[in-house]
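Work through these exercises with the model open. Try each task before reading its solution.

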Amino acid sequence: MTPGLLRVDLHIHSCYSEDGNGTPKEIVKSVRKKGLNGIAITDHNTVKGSLKALRFRSDDFVVIPGEEVSTLNGHLLVYGIKDDLPKGKSIEETVEIAIDEGGVPVVPHVYRLFSGIKKRNLLKIRKHVGAMEVFNSCSWKRVNKRMSKLAKRFGFGGTGGSDAHSPEYAGYAYTLINTTDLSLDSILTEIEKGRTWGVGQCLPLKVKKDRAVLAVKQFFQRGFKKI
């Protein structure tokens, strides 16, 4: 790790996501063991997990509150909020609401089939978002390269997150933040200004396959409704 760079996993799901497991405490413990400087728990359409995790922050470990919001066009990560944002609205309206609530929006896994907002929608919110996810541990290596290329092409900052749904894989990917200041405001400013980048490693193939099977099963259980 380059001196002066913080490493923070900005995309983790806990037991407060219907497709996740592991308590915020277990996630913090796992990530600290990997030597990272912090996390953001971003459960689907709820900040409950991230607010629970706040009790485990310390002088040397930052916890960023947030959630992954389901919009009409795909998912959106929002950091720095304390209340749930409404789901089911357009990506443009969701970004506007997030900013009005003092949040910092970031676009995750832009190319993902059912939950990525895709390039056309990314460009609609280009002026209002400083960063997009460029490394997601659940994505394939070639897809992460494609996301990185897109971010650089359009001048976005980059973030990295494991997108882990169990504690053992939290911290597989992370965001490099060029500061030694662990304050929430400082980190959110760096993300908002597009001065971060994402790196990491992909999840093992078996884990990806197991998650894909579970996702299909839960899709049927929800009555063919996406998260």
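The exercises below move from the whole chain to single residues; the model is predicted.

**Exercise 1. Overall build**

Determine how many helices and strands the chain has, and how its radius of gyration relates to the globule rule.

Solution.
- Start with secondary structure. The chain holds 7 helices and 10 strands.
- Next, take the radius of gyration. The value is 16 Å, close to the 17 Å that the globule rule gives for 227 residues, so the chain is as compact as a globular protein of that length.
- Then look at the extents. The C-alpha trace spans about 45 × 35 × 35 Å along its principal axes.
- Now turn to burial. Of the 227 residues, 54% are buried.
- Finish with contacts. Taking those between residues at least 6 apart in sequence, 67% join residues at least 24 apart.

**Exercise 2. The two sides of helix 1**

Find which residues of helix 1 (residues 24-33) are buried, and say why they lie on the same side.

Solution.
- List the buried positions: Pro-24, Ile-27, Val-28, Ser-30 and Val-31.
- Check their directions. They cover an arc of only 165° around the axis, and this puts them on the same side of helix 1.
- Recall the helix geometry. With 3.6 residues a turn in an α-helix, residues three or four places apart point the same way.
- Turn to the face away from the buried side. The exposed residues there are Lys-25, Lys-29 and Lys-33.
- Identify the packing partners. The buried residues of helix 1 pack against strand 1 (5-12), strand 2 (38-41) and helix 2 (48-53).
- Look past the helix end. Gly-35 follows helix 1 and has a positive phi, near 85°.

**Exercise 3. Helix 3 by the same steps**

Find the buried residues of helix 3 (residues 91-100) and the elements they pack against.

Solution.
- The buried residues are Ile-91, Thr-94, Val-95 and Ala-98.
- Seen down the axis, the buried residues of helix 3 fall within an arc of 100°, so they line one face of the helix.
- Exposed Glu-96 and Asp-100 sit on the face turned away from that buried side.
- Packing involves strand 4 (66-71), strand 5 (74-79), strand 6 (104-107) and helix 4 (118-124).
- Gly-102 follows helix 3, with a positive phi near 85°.

**Exercise 4. Rings and charges**

Classify the aromatic pair formed by Tyr-169 and Tyr-172. Then find which rings have Arg-7 and Arg-146 over them.

Solution.
- Count first. The structure holds 1 aromatic pair.
- Take the geometry of Tyr-169 and Tyr-172. Their centres are 5.4 Å apart and their planes make 75°.
- Apply the cut-off. Planes over 60 degrees apart count as edge-to-face, and this pair is edge-to-face.
- Check exposure. Both Tyr-169 and Tyr-172 are buried.
- Move to Arg-7. Its charged end sits over the ring of Tyr-174, 5.2 Å from the centre.
- Do the same for Arg-146. It lies over the face of Tyr-111, 3.7 Å from the ring centre.

**Exercise 5. Cysteines**

Explain why Cys-15 and Cys-138 form no disulfide.

Solution.
- The cut-off is needed here: the sulfur atoms must be within 2.5 Å.
- Cys-15 fails. Its closest cysteine sulfur, in Cys-138, is 17 Å away, too far for a bond.
- Cys-138 fails too. Its closest cysteine sulfur is in Cys-202, at 9.0 Å, too far for a bond.
- The count comes to 0 disulfides.
- Add the exposure. Cys-15 is partly exposed at 39% relative accessible area, whereas Cys-138 is buried at 16%.

**Exercise 6. Two buried residues**

Place Val-106 and Asp-163 in the secondary structure. Then list the residues they touch, not counting those up to four places away in sequence.

Solution.
- Val-106 is in strand 6. Its relative accessibility is 0%, so it counts as buried.
- Val-106 touches Leu-76, Leu-77, Tyr-79, Val-129, Ala-131, Met-132, Glu-133, Thr-159 and Ile-191.
- Asp-163 is in the loop between strand 8 (157-161) and strand 9 (173-178). Asp-163 is buried, with a relative accessible area of 2%.
- Asp-163 touches His-11, His-13, His-109, Arg-112, Asn-136, Cys-138 and Arg-211.
- Close with a C-alpha distance. Val-106 and Glu-192 are 86 residues apart along the chain, and their C-alpha atoms are separated by 8.5 Å.

Notes. Residues numbered from 1 in each chain as written. Predicted model: local features only at pLDDT ≥ 70, side-chain atom pairs only at ≥ 80, totals over all residues. Heavy atoms only, no water. Buried < 20%, exposed > 50% of the residue type's maximum accessible area, 1.4 Å probe, protein only. Helix = DSSP H or I, 4+ residues; strand = E, 2+ residues; numbered from the N terminus. Arc of directions from axis to C-beta. Contact = heavy atoms within 4.5 Å. Phe/Tyr/Trp six-rings, centres within 6.5 Å; stacked < 30°, edge-to-face > 60°. Lys NZ or Arg CZ within 6 Å of the ring centre and 35° of its normal. Rg over C-alpha atoms; globule rule 2.2 N^0.38 Å.
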